[in-house]
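Let's take a walk through a protein together, one piece at a time. Have a look at the picture, and then read on with it beside you.

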Amino acid sequence: MSQFTVPKTQKAAIVESTSAPLKVVDNFPVKQPEDLAPGECLVQLDVSGVCHTDLHASKGDWPIPAKLPLIGGHEGVGRIVAIGAHTQGSPVKLGDRVGIKWLAYSCLDCEPCRKGLEQSCLNGKYSGFTVDGTFSQYVVSWVTHVTPIPENLDSAEAASILCAGVTVYRAIKYSKAKIGDWIVLPGAGGGLGHLAVQYAVAMGLRVVAVDTGAEKKALVMKLGAEKWVDFKETKDLVKDIVDATDGYGAHAAVVTAANPAAYAQAVDYLRMGGVLMVVGLPARANLSADIFFTVIKSISILGSYVGNRQDAREALDIAARGKVKCYYELKPLSALADTYEALGEGKIVGRVVLNMKE
Ligand code: NAD
Ligand code: ZN
């Protein structure tokens with residue numbers, strides 16, 4: 001049922017195949033309120049952030065392929081304009097402003113779900129990957145999995161907290177780094193990285209930012225990083241990081257670069273007992289670390305995958321309290337192809353957020 005007027009067609013950006021150019025159309029069908037299944041809802045989007053994951057998905061970079069044709073996007077914010085008939089006990093109602101995350105749906109009953117690892121649900125659905133995502137003006141989601149957006153957080157500011165923010169917030173939380181510890185953030189000037197700098201600072205950590213270029217340096221230093229290493233200019237990355245961290249190396253590293261090179265020396269610049277959080281997802285890449293030094297330095301290497309519904313609420317709450325602010329440029333949906341190209345070249349500083357109402 002809906003008190004809102006829902007059009008029959010909408011603008012959407014479609015990936016038809018991993019080799020075809022992205023196609024923006026204005027006549028893609030909108031699922032109508034009467035066609036929603038119980039538990040489903042229809043969200044009219046205000047904005048959608050563009051994550052490097054959307055580029056990986058459109059290119060078929062990973063061992064698991066995306067659905068095709070695909071509407072990408074998983075950092076959407078908008079209003080619920082319809083809820084499927086016979087939906088029981090919905091935690092959200094018509095008109096609520098909500099977020100769409102990478103994890104579109106989880107069964108909440110398999111072992112990973114029961115243990116709070118719902119992002120690894122055995123029956124999970126993923127926005128912009130296994131189900132259509134937020135690069136369209138309307139998106140179908142599930143009432144149990146949309147994320148309420150705090151009143152005082154603007155939609156464009158909230159968008160990238162839903163993937164980039166949640167992901168780095170959880171990775172830092174599980175890195176075991178404590179107040180006063182050094183954390184290295186390779187990829188610091190990108191979408192995930194610039195939010196990681198801020199969550200780390202908010203948690204009392206000392207940040208060594210690793211990325212390249214004057215603009216990214218200026219941004220991360222403004223956001224509270226204490227040290228900067230330009231991965232393209234340094235002659236000895238490990239030495240620069242060890243020197244920057246009192247000569248012992250860092251307590252933790254959260255790698256958010258979409259480049260396997262960013263992982264190569266992490267074990268070398270971590271101190272004894274250091275933790276490497278694996279977050280960036282470069283195409284067809286293997287992680288290799290020296291076994292001897294991993295053992296004698298007691299290094300932990302942990303994968304970290306977005307976050308669960310609780311992580312999302314916590315990450316948004318920190319942003320709503322003004323501790324973390326997404327640095328973004330607002331663009332129309334027609335700028336998506338150029339944004340993908342710039343992401344591939346490492347040219348996006350912070351995030352690009354698309355205005356879906358334009
Ligand atoms: P982005 O392109 O905005 O940022 C990546 C940054 O890495 C860029 O600023 C780039 O200059 C920098 N970089 C490249 N090579 C580097 C190197 N050798 N050392 C240091 N920095 C380097 O991308 P993003 O949207 O922030 O996403 C980053 C990665 O994280 C992607 O692979 C994405 O798929 C992945 N991701 C993972 C999860 C997860 O759950 N684990 C969630 C979201 C995104
Ligand atoms: Zn993402």
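The paragraphs below go from the domains to the ligand, then to three helices and a few unusual spots in the backbone.

Keep in mind from the start that this is a predicted model. How is the protein chain divided? There is a domain 1, made of residues 9-161 together with 325-355, and a domain 2, made of residues 175-303. Taken over C-alpha atoms, the centres of domain 1 and domain 2 are 29 Å apart. Where the domains touch, 13 residues of domain 1 are in contact with twelve residues of domain 2. On the domain 1 side of this contact, α1 gives the most, with three residues. By class, that side of domain 1 divides into six nonpolar, five polar and two charged residues.

A database record adds a label here. The UniProt annotation "domain: Enoyl reductase (ER)", from an unreviewed entry, covers residues 23-354. Over residues 23-354 the chain is 28% helix and 26% strand, and the C-alpha atoms at the two ends of this stretch are 16 Å apart.

Now find ligand 1. How many residues surround ligand 1? There are 35 of them, and the closest are His-52, Gly-187, Gly-190, Ala-257 and Ala-258. The shell around ligand 1 draws at least three residues from each of domain 1 and domain 2. Looking at helices and strands instead, α1 (52-59), α4 (161-173), α5 (191-202), β11 and α8 (261-264) each supply at least two residues of this shell. By class, the shell around ligand 1 has 18 nonpolar, 15 polar and two charged residues.

Next come the helices, and one idea helps with reading them. An α-helix has 3.6 residues a turn, so residues three or four places apart point the same way. Try this on helix α6, residues 214-222, whose buried residues are Lys-216, Leu-219 and Val-220. Seen down the axis of α6, these buried residues fall within an arc of 90°, so they line one face of the helix. The face of α6 turned away from the buried side carries the exposed residues Ala-214 and Lys-222. What covers the buried residues of α6 includes α5, β11 and β12. Just after α6 you will meet Gly-224, which takes a positive phi of about 115°.

Helix α12, residues 336-344, can be read in this way too. Which residues of α12 are buried? They are Leu-336, Thr-339, Tyr-340 and Leu-343. The buried residues of α12 fall within an arc of 105° when seen down the axis, so they line one face of the helix. Asp-338 and Glu-341 are exposed residues on the face of α12 turned away from the buried side. Among the elements that cover the buried residues of α12 are β1 (9-14), β3 (40-50), α1, β16 (328-332) and β17 (351-355). α12 is followed by Gly-346, with a positive phi near 70°.

Turn now to helix α7, residues 237-244, where the buried residues are Leu-237, Asp-240 and Ile-241. They cover an arc of only 95° around the axis, which puts them on the same side of α7. There they pack against β10 (182-186), β11 (206-211), β12 (227-230), β13 (250-255) and α9 (266-269).

After α7 comes Asp-246, in the loop between α7 and β13. Asp-246 has a positive phi of about 60° although it is not a glycine. Is Asp-246 buried or exposed? Asp-246 is exposed, because it has 11 other C-beta atoms within 10 Å, and a residue with 12 or fewer counts as exposed. Lys-176, in the loop between α4 and β10, is another residue other than glycine with a positive phi, near 65°. Lys-176 is partly exposed, with 15 other C-beta atoms within 10 Å.

Two more loops round off the walk. In the loop between α1 and β4 (76-83) you will find Pro-69. A cis peptide bond joins Leu-68 and Pro-69, with omega about -10°. Gln-88 lies in the loop between β4 and β5 (97-100), and Gln-88 is exposed, with 7 other C-beta atoms within 10 Å. Gln-88 and Pro-38 are 50 residues apart along the chain, and their C-alpha atoms are separated by 7.7 Å.

Terms used: Residues are numbered from 1 along each chain as its sequence is written. Chains are lettered from A and ligands numbered from 1 in the order in which they are written. This is a predicted model: local features need pLDDT of at least 70, side-chain atom pairs count only at pLDDT 80 or more; totals for chains, interfaces and linings use all residues. A residue is buried if 20 or more other C-beta atoms lie within 10 Å of its own, exposed if 12 or fewer, and partly exposed in between; C-beta atoms are placed from the backbone. Helices (H or I, at least four residues) and strands (E, at least two) are DSSP runs, numbered from the N terminus. The arc is that of the directions from the helix axis to the C-beta atoms. Two residues are in contact if their C-beta atoms, placed from the backbone, lie within 7 Å. A residue is near a molecule or strand if its C-beta atom, placed from the backbone, lies within 6 Å of it. Ala, Val, Leu, Ile, Met, Phe, Trp, Tyr, Cys and Pro count as nonpolar, Asp, Glu, Lys and Arg as charged, and the others, Gly among them, as polar. Domain bounds come from an automatic or database domain assignment. UniProt positions are given in the numbering used here, feature names are shortened, and annotations may be inferred rather than shown by experiment.
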